[in-house]
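The exercises below concern a single protein chain. Each task is followed by a solution worked out in steps.

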Amino acid sequence: MWKSSKVILTHAQSPGIVAAGREVRLCIETCSSFISQVDDPGSMGGWVGLAALSAATGDAPVPNTVPPSQISRGCERVMKRIRSRTPTILAWAAPTLASVVLAFGSPALGALNPPDKIDALLLAQAASDSAAQASQKTVETLDDRSQDIAQKYRRVIENTKSIQDYTEHLRKQVVSQREEIASIQSQLASIESTSRDVFPLMQRMVDALDQFVQLDVPYLIQERKKRVQGLKDVMDRADVTVSEKYRRILEAYQIEMEAGRTLEAYDGLIGEGDTAKAVSFLRAGRVALAYQTTDGNETGYWDKSQNQWVVDDDYAHDIEIALRIARKMKAPDLMHLPLPAPMEAK
């Protein structure tokens with residue numbers, strides 16, 4: 001019993017209850033000595049217990065032989081003193097006092113008076129409730145921590161998957177960029193030979209366009225000749241890149257190609273010098289080119305076989321209607337135009 005009480009006293013001296021430690025220790029030692037040595041108050045253990053009792057109750061040291069009645073009265077005074085200070089002691093040392101009662105067991109409870117037994121049981125219940133609350137709080141804290149850790153783990157897994165997908169996307173982009181770099185380097189290596197081969201090709205394209213304009217029907221002849229001459233001038237300029245020269249040549253070819261499938265009416269002069277007359281020209285693709293004076297007194301067309309203008313007033317009404325259709329002054333309709341006879345290709 002003495003060893004058990006010594007273990008409990010060590011717990012009673014934990015931080016937070018130092019102020020009540022001395023009195024609690026003396027009470028415990030007194031009760032322990034009384035319970036274990038009450039039948040032999042003259043023994044060494046009984047004398048130590050009574051000495052502690054005397055220190056707790058304020059009595060003078062007791063002799064080796066003390067009557068049991070005095071020991072009983074001393075214990076009752078100790079318990080009264082504990083009960084009178086219960087609000088202070090209970091807040092600091094309830095678990096320890098309850099542990100003392102539990103450690104001493106039923107013999108200890110049997111040695112106490114009924115009020116003391118109730119106090120001891122209340123202390124034990126309070127300690128049990130406090131321990132249960134502390135345990136529940138610990139469980140809740142651990143549960144919250146585990147939930148938080150689980151959420152963090154799930155977020156880490158999601159972020160890892162996202163990073164892996166993005167890394168794979170970047171890897172594919174890097175592979176594509178490396179292939180593009182290799183292609184550009186290959187093109188740069190052959191750019192000199194390409195430029196050397198492209199320039200003669202562009203020169204032949206300009207010459208072919210010039211020849212085509214000269215042999216074609218003479219619509220907007222001055223404008224078309226000016227466009228060809230501009231291409232020839234650009235070909236000799238060092239400040240114009242090869243790509244820009246090629247773009248302008250293709251643009252001129254595009255304009256000539258569009259003229260072959262459109263209907264157009266425009267004003268101009270026919271003849272030269274004082275004999276020049278203001279007329280309205282009608283172009284139907286590249287198959288027909290006719291004119292009519294502004295007063296409508298003269299109508300003619302371009303004769304491809306003779307390479308000259310031919311006056312033919314029989315087409316005056318038809319040319320007038322065609323001019324109105326070309327200028328969008330009349331709805332599209334069937335037109336009667338002078339066309340050259342088909343020729344065998346050479």
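Two residues are in contact if heavy atoms of theirs lie within 4.5 Å. The model is predicted, and the solutions below are computed from it.

**Exercise 1. The chain as a whole**

Task: State how many helices and strands the protein chain has, and what share of its residues is buried.

Solution. Step 1: the protein chain holds 10 helices and five strands. Step 2: a residue is buried when its relative accessible area is under 20%. In the protein chain, buried residues account for 29% of the 346 residues. Step 3: the accessible surface of the protein chain is about 22,800 Å², and carbon and sulfur atoms contribute 56% of that area. Step 4: take the contacts between residues at least 6 apart in sequence; 48% of them join residues at least 24 apart.

**Exercise 2. The sheet**

Task: Give the order of the strands in the sheet and the sense of their pairing, then name the edge strands.

Solution. Step 1: the five strands make an open sheet, ordered E1-E2-E3-E4-E5, with antiparallel pairing. Step 2: an edge strand pairs on one side only, and this applies to strand E1 (263-270) and strand E5 (308-311). Step 3: from one strand to the next, the twist averages 30 degrees.

**Exercise 3. Strand E4 and its two hairpins**

Task: Describe how E4 pairs with E3 and with E5, and decide whether E4 is covered.

Solution. Step 1: strand E3 (residues 288-293) and strand E4 (residues 299-303) run antiparallel and are joined by three bridges. Opposite Ala-290 stands Tyr-301 of E4, and opposite Tyr-291 stands Gly-300 of E4. Step 2: E3 and E4 form a hairpin with five residues between them, and Gly-296 in the turn has a positive phi of about 80 degrees. Step 3: on the E5 side, the antiparallel pairing of E4 and E5 spans four bridges. Asp-303 faces Gln-308 of E5 across this pairing. Step 4: four residues lie between E4 and E5 in their hairpin, where Asn-307 in the turn adopts a positive phi of about 55 degrees. Step 5: five of the five residues of E4 are buried, and E4 is thus mostly covered.

**Exercise 4. Aromatic rings**

Task: Classify the ring pair of Tyr-266 and Phe-281 and the ring pair of Tyr-301 and Tyr-315, and say which parts of the chain each pair links.

Solution. Step 1: the whole structure contains five aromatic pairs. Step 2: planes under 30 degrees apart count as stacked, and those over 60 as edge-to-face. Step 3: Tyr-266 and Phe-281 have 20 degrees between their planes and 5.2 Å from centre to centre, and their pair is stacked. Tyr-266 belongs to strand E1 and Phe-281 to strand E2 (residues 277-284), so their pair ties together parts 15 residues apart in sequence. Both Tyr-266 and Phe-281 are buried. Step 4: Tyr-301 and Tyr-315 have 80 degrees between their planes at 6.4 Å centre to centre, and their pair is edge-to-face. Tyr-301 is in strand E4 and Tyr-315 in the loop between E5 and helix H10 (316-326), 14 residues apart. Tyr-315 is partly exposed because its relative accessibility is 26%. Step 5: one aromatic cluster is made up of Tyr-266, Phe-281, Tyr-291, Trp-302 and Trp-309. Step 6: a further ring, that of Tyr-219, has Arg-283 over its face, 4.9 Å from the ring centre.

**Exercise 5. Helix H10 and Arg-324**

Task: Which residues of H10 are buried, and what covers them?

Solution. Step 1: the buried residues in H10 are Ala-316, Ile-319, Ala-322, Leu-323, Ile-325 and Ala-326. Step 2: an α-helix has 3.6 residues a turn, so residues three or four places apart point the same way. Step 3: the cover over the buried residues of H10 includes E1, E2, E3 and E4. Step 4: Arg-324, also in helix H10, is partly exposed because its relative accessibility is 40%. Step 5: Arg-324 and Ala-265 are 59 residues apart in sequence, with 8.6 Å between their C-alpha atoms. Step 6: once neighbours within four places in sequence are set aside, Arg-324 is in contact with Met-329 and Lys-330. Step 7: just after H10, Lys-328 has a positive phi of about 60 degrees.

Definitions and conventions
Residues are numbered from 1 along each chain as its sequence is written. This is a predicted model: local features need pLDDT of at least 70, side-chain atom pairs count only at pLDDT 80 or more; totals for chains, interfaces and linings use all residues. Side-chain values use heavy atoms; hydrogens and water are left out. Two strands pair if DSSP finds at least two bridges between them. Axes are lines fitted to C-alpha atoms, for helices over the stretch in contact, and angles run from 0 to 180 degrees between N-to-C directions. Rings of Phe, Tyr and Trp (its six-membered ring) pair if their centres lie within 6.5 Å; planes under 30 degrees apart count as stacked, over 60 as edge-to-face and the rest as tilted. Buried means under 20% relative accessible area, exposed over 50%, partly exposed in between (1.4 Å probe, protein chains only). A charge sits over a ring if NZ of Lys or CZ of Arg is within 6 Å of the ring centre and within 35 degrees of the ring normal. Accessible areas come from the Shrake-Rupley method with a 1.4 Å probe; for residues, only the protein chains shown count as cover.
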